[in-house]
Each structure stands twice: as structure tokens, then as C-alpha cells.
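Me: I would like to go through this structure term by term, asking what each label rests on. Please set each value against its definition before you conclude.

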Amino acid sequence: MKPRSNRVRKTRDEILFNGIAFPFLAVLSLVCFLPFLLIITASLTNNNEVVREGFKLIPKSFSLDAYRYIFFVPGKLLRAYGSTLFVTAFGTVGGLVLISMAGYVLHRKDFRYRNKISFFIYFTTLFSGGIIPYYILMTSILGLRNSLFAVILAGLVTPFQIILMRNFMKNVPYELIEAAKIDGANDFRTFTDVVLHLQKPALATIGLFLALGYWNNWYSPMLFLNKAELYPLQYYLYTLLTSEQAIQEAGVAVEGLIFPGETLKMAMAVVATGPVLLVYPYVQKYFVRGITIGAVKG
Amino acid sequence: MYNPTTTIKKASGNGQRKEKSARIGFFLELKKNKILFLMIAPVLIYFVVFSYLPMVGVYFAFTRFNFNDGLFGSPFVGFKNFKFLFDTGTLLYLTKNTILYNIAFILLGNSLSITVAILLSRVANKTFKRLTQSFMFFPFFISYVIVNTFSYAMLNSGTGVFTRLLASVGIENFNAYSTPGIWKYIIVSVYLWKTLGYGTVIYLAAITGISDEYYEAAQVDGATIFQQVRYITIPLLVPTFIILLLLAIGGILRGQFELFYQLVGSNGQLFEATDILDTYVFRMLRVTFDLGIGAAAGLYQSLFGLVLILTVNYVIRKYQEDYALF
């Protein structure tokens, strides 16, 4: 990248380059962040001001009403969090088990059907039956309507993650596997003992991808769930945004609090994304690594 | 002691005995690697059930499916569904929208990502680089429902920031949801905003892979940063771009369903300008309940994409073998 040199004075072209780079990148970063700022400040505004004057980036008033409301009547929120956590936890663990096993098997050069199976999996990204047969399969044939299982299954495995896992495994030298087998371990033992211990970063990366996918998923709940008690966070937020009825139902009268219809939506968005925002600084590097390794495969 | 090489040699056989030994080879392989097969079995079953089984369902595209007659009892209507889609011009405008949007996404998205990646790779301050990259990557982590929330906050007719802004300069009663013309700008902008971070990571990784020696040699020859970028960085990024392009072309008829659906929703007035194949198929499923038509549109989408990527891959393979996908 940047060649090391002992220049103390910056050359003219570097000044020009950075003169473009700094403002451009700064503006872009700001633009990327602005939407969240709006949502956050909007959630902290007095609802009446919003109704009167619309949402503003820098509101005149400050109010915790929307949050007070959410946490005062936490039933719906807790249920939504429950659904999301359930789906995310089981989906991530289940997916990791399946994906790591598959990645291990596809990594083993001595496995004769490796390429055929790889193609078998990869082909699903080229051609698909479409969502209508898929929907019919899930609801009519498998009978998974209104089951959180449907949501879990829908996001369990993707070809991208399997290939990613296989690429991670390339770091494990084959000699290790051979040595373990000489010691009498069967394939599964070699998998667990040798490979898993070396692959903690890989598991973390793919686990995070899975978890993020589940956390943000609203499409599968929309397809398969009808019972409001099952709605996970993002889908619940969606119903608040798009259904007058939903927001009315959320508007159970609470002693002393006027129902903050508009700001409640904003507050709900903040609550739904909050955890992601909190862990973001810590997990960002895993995603960067995952995308990098996945893309290098090409 | 287990020796993989021997197994492979034994199982391969020679040309004459190939077929018989292939069959024996499979069972031999199965027995030898029983556990490996077991380990990959769940994933295989998963794809068979959730990816390959639905492929059989393209049969519905040729029926007038209704829930009373069910899976196998619905009347077979041949290509009538396709004819309908074609005659009403639906297929045409859906294809046009889907492709045009994708072209915009691909060209603008990659250009922006490459630019940002180049800028980031050479910017003078490391902390600044880390910080800005974090900001630009964050939109990737939020769900499209939040995108919807933001667009609601901006555009809704009662309290939207943008709506009020227009009112304050005299344009009253602006309803974004009945103004189809602006939506292409909105959709493309939001797409860029959401995917910028992801693309930048990919191109940054590619740039990191470029050996420093090139740059150092160029510097010795007196090249400015701009010249280095133009003659070293960009040409060496072309392979990455082509691979991404290929992958994108394969999905050119597949749209960003979540993006479009969360932004446009069920606002019918906007459909002519913003409807893509994915959202149309979805509405056939959930609103119109015309599953036959929806399946037909879906099949068209998948088939078109498959043919396209095979063609493009074939063409690229003739000219530059390394760039082809397979």
C-alpha cells in the first residue's frame, strides 16, 4: 500500500490527494451516519412537536416519553425480544454445526466427491425454484406456518458460508489430520479435536454472520408468521410502521402518559437496533475478515 | 494405516473397468469415509429439501394453481401464464425495471466502492481511516426495516422531514408516495448507502494484495499518487471487478427484494417506476393469490439469470480464461 519512506515534507501530489480524500471521506461518513442520528433524536423528541412540525434533526424539545412508553408496557417488546433471541440463538448454533461439518468435509482433499458436492451446493445460487414453490413447501407440505422453526430453517445454511468455512479450514495443515488419524481417531474426532480448536476465529466470524442475519430478518417472519405473539423484533417494528391497527394496539392507555404515536416508531427502531450498535465496534473486524476471505475465493 | 492416495488410485481404475469400478468406488468410498458422509449429510439434506425440491415446483408455473385443487389437482394451462405476463406488458416493464436498477447498482456501487477503497488505502491518517470506514460500514448491519423507519421519518406526508422542508418553501401537499419520478434516485441512493461498506471491504482487500514493490518502483520513477493509482491500482483491481460483475450479472434479474419492498411497500402508484420481478412475485403470493402467475414470473426470472450467467461466463472464458467463474 503506502510505501515507507523518510520524506518529512509531503509532496504536492500527496497534499492534493489528501485534500480530496479527507473531505470526501468525511462527508460520506457523515451521510452514512445521519439517518441514525435522525432516528435517535426523533425518538427523544416530544411527540406533539413532531405532529406539529414534523421530524427534525435537531428538535426543540426533549422527551423520554416514547421510551417510557415502551418500557412501561414492555409486554410486546419482551415477547419480540424473546422471539428474536430464540431464533438467533438456535439458528446460529445449528447453522454453525452444519456449516462447520460441511466445510470440514469439503476441505478434505481425500474426499472423492468433494467437487461434485461443492457444485451441488453452489448450483443453488445459480438457479432457484422461486419463492412460490418455496412458500408452498414450507406451509402446505411441511406445515410450518406460524412456527418459529420455519424462520430458523430459512436462514440456517447458505452456500456462501460453507465456502467461507472451507476457506478458513485451508489453514489447517493436512499433516495434523493425518497425525490424528494415525493415532486412531476417527473422522469426527479429528474434526472436533484438531479442527475446532484451530478454528475459533472462523466459527466466530461465521457465527456472527448467521446471528446478524437472524437478528435482522423480517422476511421469513412476514412469510410464515401470523400470530402477533411470535413476531420477532424487526418484523414487529415493521408492523408498527405500516399498520395503523398495530400502532393502535400498541397504544394501550397508560396512566399519565399520552400515547406518542410518531416517536414511538423511532424509539422502537432504536431499541431494535440498539444491541447491534452496541456490539458493532467489537465485531466489526470479524465481518471484515469474513468478507475478505470470502471474496478472495472469488 | 489409512492412506488416502491408495484409495483414490484404487477407486479410479482405468478406462475399461471405469464404470464398474466407479460403482464399486462409490460404495468403497462410502464405507471408508462413512463418517465424512454423515457429517455432510445434514447440509445436503437441507439443500435437497429447501433448494432442490422447490425447483420441482416450477411446475406450478404451468398451472392455474388454486388452493382448493391443491398441489397436483390444479388445472394445467400450459404457457397461458407466460402468455398473460407477456401480453399485458408486465414481463416487459418488470424486466426493464429490474435490469435498469441492477445496472445502476452495479456500475455506481462498484465505482463508489473502488473510489472509496483507493482513497482509504492511501489516506494520510490511520485513525481517520479506521473511523470513516467504521461509519461507512455500519449501514450494512442494520435491517431494511430500519431503512423503512428512516424513509418514513423523511418522506411520510404528515411529519416527514423532507415533506415539511418542501412545505416551508411553498410546495404544499407533497406526497412522495404518489410521485413515481423521484423514486429511482431514492432507491439507488439508499442502495449505495447500505452496500458501500461491504464493497469497500472487498476492494480494500484486493488493494492490500497488491505488492508494495510496484508502488515503490513507480515512486522511484517519480510517479505521483494519481499516476500510481491509474497505472497500478486500477488495472490490478480489474479482476476483482470482473468477478463481482459476473456474479452480479447472474443475478441481474434478481432484485434486492428487501430494499424495494421496505421503501415502496404497497404504494401502487409507484409500481410502474419501481416494481421489480421479486416484488411482483411476492404480491402474487400474498395479495393477489395468483400463484400460477407468480410461479411463472419466478421461473422466468431464474431461467433468464441462469442462461445469462452461463452465456457471459462462456464468452469471458473464450477471451480471458482466468476471469471465468467456472
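Reply: Two residues are in contact if their C-beta atoms, placed from the backbone, lie within 7 Å. The contact between the chains takes 82 residues from chain B and 83 residues from chain A. This is a predicted model, in which local features need pLDDT of at least 70 and side-chain atom pairs count only at pLDDT 80 or more, while totals for chains, interfaces and linings use all residues. Residues are numbered from 1 along each chain as its sequence is written, and chains are lettered from A and ligands numbered from 1 in the order in which they are written.

Me: What makes up the side of chain B that touches chain A?

Reply: Ala, Val, Leu, Ile, Met, Phe, Trp, Tyr, Cys and Pro count as nonpolar, Asp, Glu, Lys and Arg as charged, and the others, Gly among them, as polar. On that scheme the side of chain B that touches chain A has 55 nonpolar, 21 polar and six charged residues. Its largest share, twelve residues, comes from helix 3 (residues 34-56) of chain B, where helices (H or I, at least four residues) and strands (E, at least two) are DSSP runs numbered from the N terminus. Counted in this way, chain B has 16 helices and zero strands, and chain A has 15 helices and zero strands.

Me: Why is B:Ala176 called buried or exposed?

Reply: A residue is buried if 20 or more other C-beta atoms lie within 10 Å of its own, exposed if 12 or fewer, and partly exposed in between, with C-beta atoms placed from the backbone. B:Ala176 has 20 other C-beta atoms within 10 Å and is therefore buried. This residue lies in the loop between helix 9 (161-168) and helix 10 of chain B, and B:Ala176 touches B:Leu155, B:Thr163 and B:Ile182, not counting residues up to four places away in sequence. By the burial criterion, 37% of the 326 residues of chain B count as buried, and buried residues make up 41% of the 298 residues in chain A.

Me: Why does A:Asn146 count as buried, exposed or partly exposed, and what is its phi?

Reply: A:Asn146 has 13 other C-beta atoms within 10 Å, so this residue is partly exposed. Its phi is near 60°, a positive value in a residue other than glycine. Most residues other than glycine have a negative phi. A:Asn146 is found in the loop between helix 6 (131-141) and helix 7 (148-154) of chain A. In chain B, B:Phe289 has a phi near 55°, again positive in a residue other than glycine, and lies in the loop between helix 15 (277-286) and helix 16 (291-319) of chain B. With 13 C-beta neighbours inside 10 Å, B:Phe289 therefore counts as partly exposed.

Me: What makes a set of residues a nonpolar core, and which residues touch the most other members of the largest one?

Reply: A nonpolar core is a set of buried Ala, Val, Leu, Ile, Met, Phe, Trp, Tyr and Cys residues joined through C-beta atoms within 7 Å. The largest such core has 147 residues, of which A:Ile132 and A:Leu237 touch the most other members. Its largest share, twelve residues, comes from helix 10 (residues 183-208) of chain B. Leaving out residues up to four places away in sequence, A:Leu237 touches A:Met268, A:Ala269, A:Ala272, B:Val145 and B:Thr149.

Me: How do you know that the length of helix 1 of chain A agrees with what is expected?

Reply: The expected span of a helix is 1.5 Å times one less than its number of residues. For the 32 residues of helix 1 (residues 12-43) of chain A the expected span is therefore 46 Å, and the end C-alpha atoms are 47 Å apart, which agrees. Helix 10 of chain B, with 26 residues, reaches 37 Å from its first C-alpha to its last, close to the 38 Å expected.

Me: What is called a bend, and where does helix 10 of chain B have one?

Reply: The bend at a residue is the angle between axes fitted to the seven residues ending there and the seven starting there. Helix 10 of chain B bends by about 50° at B:Thr195. In helix 1 of chain A, a kink of about 35° lies at A:Phe33, shortly before the proline A:Pro35.
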